[in-house]
Amino acid sequence: MAESKMMLGNEAIARGAYEAGVKVSAAYPGTPSTEISENLVQYDEIYAEWSPNEKVAVEVASGASISGVRSMACMKHVGLNVASDPLYTMSYIGVKGGMVLVVADDPGMYSSQNEQDTRMIGRASMVPVLEPSDSTEAKEYMKYAFDLSEKYDTPMILRTTTRLAHSQGPVEFEERVEPIDIPYERDIAKHVMMPAMAIKRHLVVEDRLNRMADDAADMKLPSGVALNRVEYGDNKIGFITCGIAYQYIKEVMPEASVLKLGLVNPLPLSLIKEFAGKVDRLIIFEELEPVIEEQVKALGIKCEGKELFTRQGEYSANMLREKVLGLKLDIEEAEKVAPRPPILCPGCPHRSVYSVLNKLKIHAAGDIGCYTLGAVAPLSVVDTTICMGSSISSLHGMEKAKGKDYIRSWVAVIGDSTFLHTGVNSLMNMVYNKATGMVIILDNSTTGMTGHQDHAATGKTLKGEPTYAINLYNLCKSMGIEHVYEVNAFDIVALEETIRREQDRDEVSVIITKSPCVLLKGQVFPDKCVPIPEKCKKCGACLRPGCPALTRNEDGTISIDDTMCNACGLCMQLCKFEAIKKEAK
Amino acid sequence: MATTNIMIVGVGGQGTLLTSRILGKLALAAGYDVKISEVHGMSQRGGSVVTYVRYGDKVAEPIVEEGQADVLIAFERLEALRYLHFVKKDGTVIVNDQRMDPISVVTGQATYPEGIIETLKSRRKTMVVDAMSIAKSIGSPKSFNVVVLGASAKSMDYTKDQWIEVIKNTVPPKTIDKNLEAFEAGYNL
C-alpha cells in the first residue's frame, strides 16, 4: 500500500502540485490559503515565492505558463479580487503549461472581511472551477486540474473553503510526474490581447466552456472515479452538492441519492437533467451563493435550495437533520459566558502605538492585519477597515471631502506587508494629488496575522534564502515625501512628540514605527515586568491598553502573569508612580 | 466501529493544534479513518479556539456538532463551560483547572463566572486536572497540555504503548522526555 499521511487540505494541495510536476508557484499569504505555499517549500523541484500581492502572483504564474511549464498561484477569496485583472484576460489567452489558481473561500468569515463566493467569479471570468470535498480529493483534483487546463487550453480555479483547507484526512502519496518540456512558441494572436485578437479569443472561450459542459458527464479523475459522481440510493430525495457540504449529507443521510459535482463551473447539465428525472424531491445543498441552484432552475427543473438553507456561514449535519429530516434536536442552550475574541498579544508593538493614538484621541483609517484588532475596546482607535491597502487611500478621500483641518485628528495605519501589497500605490496618490495627512506604517518585520511570512522588506525569500530587503524609509523618501520618520514602537514619548508635530503639517508625512512581532522566531525575552504593590496608587493607567498579561486584583492593585509577559515595558512607561519594574525572568 | 467525536478547546496559544495532531496520528496508526478540523489565523490571537477530531470505520464530516462530542478536552475552565452543550449527555469532560481572563473580564465589561467546575460536574462526567502545577513540578510548564492529554487517555480506546509511540513521533525531538513524563503524570491521575 502507498504511504498514507494525515494532511491538511492545504498540505494535500501542495502535494498534488508536486506530483503534477508544477515548476513555478507564486502567492501572497492569506488565511485559509497560506499553508499551501509553506508546504511547497519542501519540494526542491518547485520554485515557490511570496509575491507582494495576488495580482503579481497570478501574472508570475501566467508568464511561467506561457513559457511552457506548469504553474500555480494561491490566494484567499479576496485576493482573487486583486488578481481579477490578469484572471479575466488569461481566460482569453489560455495556457501553454497548465495553470491553476487555488482560491480559498471563507464561509463563516473566520479570518476575512467578507464572504464572497469564488464560483461566481469563475462564472464571470469564464474560468472553469473544481471543488474537492476532503484532503484525498484535494490532492487528486489539484493534479487533474492541470490535465484539464492543458486539454482545454484554459487557466483553472481550484476552489476550497476554510473547513476543507484546515481539516486533515489521510492522503496517499504518488510519484511526481515530470512534464515534457514544452518549447516556447511566439503566437501574438493568442498571447497579445489587443482588441482584434481578443474579439476572436472571446469566441474561443465561449466554445471551450460549452465543450467542457458537454464533456463533464464523462470526465474521470486519474484514479478512474468520475469527477461528477452520481450515487444512487433512495430516490425519494436527491441532493446536488459540492465541496465540504457533501460530507454533511453523507453523515446524516448516507442512503440518499447524491449528485456530487467536482466541476462547479461549467455545470454538467445533461447529468443534472438525468439525475433530476430520477428523484422525487431535488434539493441543492451548497454553501454561500445559489450558484448551482439558479442554473438548475434556469433549466426549468423544480428544486429546493436557499428557501431551506442560508446563504451565510458554514453548513452542518444538524442543518440537514432539522430542515430535511424534520428532527427536533435535543440540544442544550449554550451557556452565556463572557466572549473571548482574538486580541493583540502581550508585548505586541501595535498596542503601544495605539495607546498613544488613543491618548491623543486620533481616529485611524485601518487596514488588514492583526492591527485591525485596534478597532475594539479598550484601544478603540481604528474607525474603518475595507481591504488591503485601503487605509491610505481612504484617508486621502476623507481629506479631499472635508479638508485638511478635518483630517488632522486622523491617521492611516497600515502594516509593513500590507503597505508593500497595495499601500504603496495609495501613498503615491497622496503625493501626486497634493494631499495632507499622516500615514503610520506599523513595521513589525513580518506578515503577522497569517502566521509570519516573509515579504519584500524582510530580507528573506519564501524558501528561506537571504535576499535584498526593500528599505521602507528610502522607498517613501523616493516618492518625494520630505517628512518620513522612524520611531521605536515602544518609545511612547518620541511617538507622541512626532505625531503631535506632524499633525500640524500641511503635507504628507510618514511615521514608520519599528519593533518586531513578539511571535517572530528567534527572539528571546529574558525579562518580565513586576508590579510593586506598595507604590501602586490603583489608578489603572497600566491596564488601559488592555494587555492580557495584566489583571486587576480585588484590592485595586495589579498582577502581571509572568508566563505571558515579554517585558515590552509599556505598562511601566504608563505608570506615573514607578510601581512597575523590570526583572530578569 | 461507530465514530468517536473529540473536541479540544482552549485559548489561542495553548497548544490545541498539537494535541489534535497527536490524537489524529493515534487514530490513523490504529487503523481508523480520521478527520481533524482546526482553526488558524485570526482566531489564534488569544481568542477562544476549538479543534475537532473524529475517528471510526468511515468518517465523513470533519466537525463535531452540538450534542455530539464523546470527549471534551478543555485547557481552560471558561472554555469548557462555553462548549459544554457540545458534549453528549453521557460524554466526558476533562478540564484543566486554569483560569485565563478574556479581555472583556480584564476591562470590567464582563465577569468570570464562579463555580464553573461545580456546573461542569453537575451536568457531565467531569475530570479536573491541575495540569499547570503538575507540569511545573516536572520542570516543563509548557507540557501542561500533554498532562491533560494523559489524563484523557483512559476515555479513549488505545493502549498506553500506542500513546507513547505517537507522542514520540509528534513532539519536537528535544522535548520527548519531558512530554513523556508529562503524559505519564496525567495518565496516572
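How do the axes of helix 3 (residues 54-66) of chain A and helix 5 (residues 84-93) of chain A cross, and within what distance do they come? In this predicted model, the two axes come within 10 Å and cross at roughly 15°. Angles under 35 degrees count as roughly parallel, so helix 3 and helix 5 of chain A are roughly parallel to each other. Their crossing is left-handed. On the helix 3 side, the contact is made by Lys55(A), Val58(A), Glu59(A), Ser62(A) and Ile66(A), and on the helix 5 side by Pro86(A), Leu87(A), Met90(A) and Ile93(A). Sorted by class, that comes to six nonpolar residues, one polar and two charged.

Another pair in chain A is helix 1 (residues 9-19) with helix 7, whose axes come within 7 Å and cross at roughly 30°. That angle makes helix 1 of chain A roughly parallel to helix 7 of chain A. This crossing is right-handed. Helix 1 of chain A brings Gly9(A), Ala12(A), Ile13(A), Arg15(A), Gly16(A), Ala17(A) and Glu19(A) to the meeting, while helix 7 of chain A brings Ser135(A), Ala138(A), Lys139(A), Met142(A) and Lys143(A). The mix here is five nonpolar, three polar and four charged residues.

Further along chain A, helix 16 (residues 390-402) and helix 17 (residues 416-432) have axes that come within 7 Å and cross at roughly 25°. These two helices of chain A are therefore roughly parallel as well. Ile392(A), Ser393(A), Leu395(A) and His396(A) of helix 16 make the contact with Phe419(A), Gly423(A), Ser426(A), Leu427(A), Asn429(A) and Met430(A) of helix 17. Charged residues are absent from the contact of helix 16 with helix 17, which splits into five nonpolar and five polar.

Helix 7 of chain A turns up again in the second largest pocket, where its seven residues form the largest share of the lining. About 790 Å³ of space lies in this pocket. Its lining has 34 residues, and the closest to the centre are Asp134(A), Thr136(A), Glu137(A), Pro170(A) and Lys58(B). Which elements supply at least two residues each to the lining of the second largest pocket? In chain A they are helix 7 (135-151), strand 8 (167-172) and helix 11 (245-252), and they are joined by strand 2 (33-37) of chain B. Taken by class, the lining holds 13 nonpolar, eight polar and 13 charged residues.

Notes: Residues are numbered from 1 along each chain as its sequence is written. Chains are lettered from A and ligands numbered from 1 in the order in which they are written. This is a predicted model: local features need pLDDT of at least 70, side-chain atom pairs count only at pLDDT 80 or more; totals for chains, interfaces and linings use all residues. Side-chain values use heavy atoms; hydrogens and water are left out. On a 1 Å grid over the protein atoms alone, a cavity is a set of points where a 1.4 Å probe fits but cannot get out, and a pocket is an open set with protein on both sides within 12 Å along at least five of seven lines; lining residues have an atom within 4 Å of a point. Grid points are joined across faces, edges and corners, and a volume is the space filled by probe spheres set on the points. Helices (H or I, at least four residues) and strands (E, at least two) are DSSP runs, numbered from the N terminus. Ala, Val, Leu, Ile, Met, Phe, Trp, Tyr, Cys and Pro count as nonpolar, Asp, Glu, Lys and Arg as charged, and the others, Gly among them, as polar. Axes are lines fitted to C-alpha atoms, for helices over the stretch in contact, and angles run from 0 to 180 degrees between N-to-C directions. Angles under 35 degrees count as roughly parallel, over 145 as roughly antiparallel, 65 to 115 as roughly perpendicular and the rest as oblique. Contact means heavy atoms within 4.5 Å. A crossing is left-handed if the near helix is turned anticlockwise from the far one by less than a right angle, and right-handed if clockwise.
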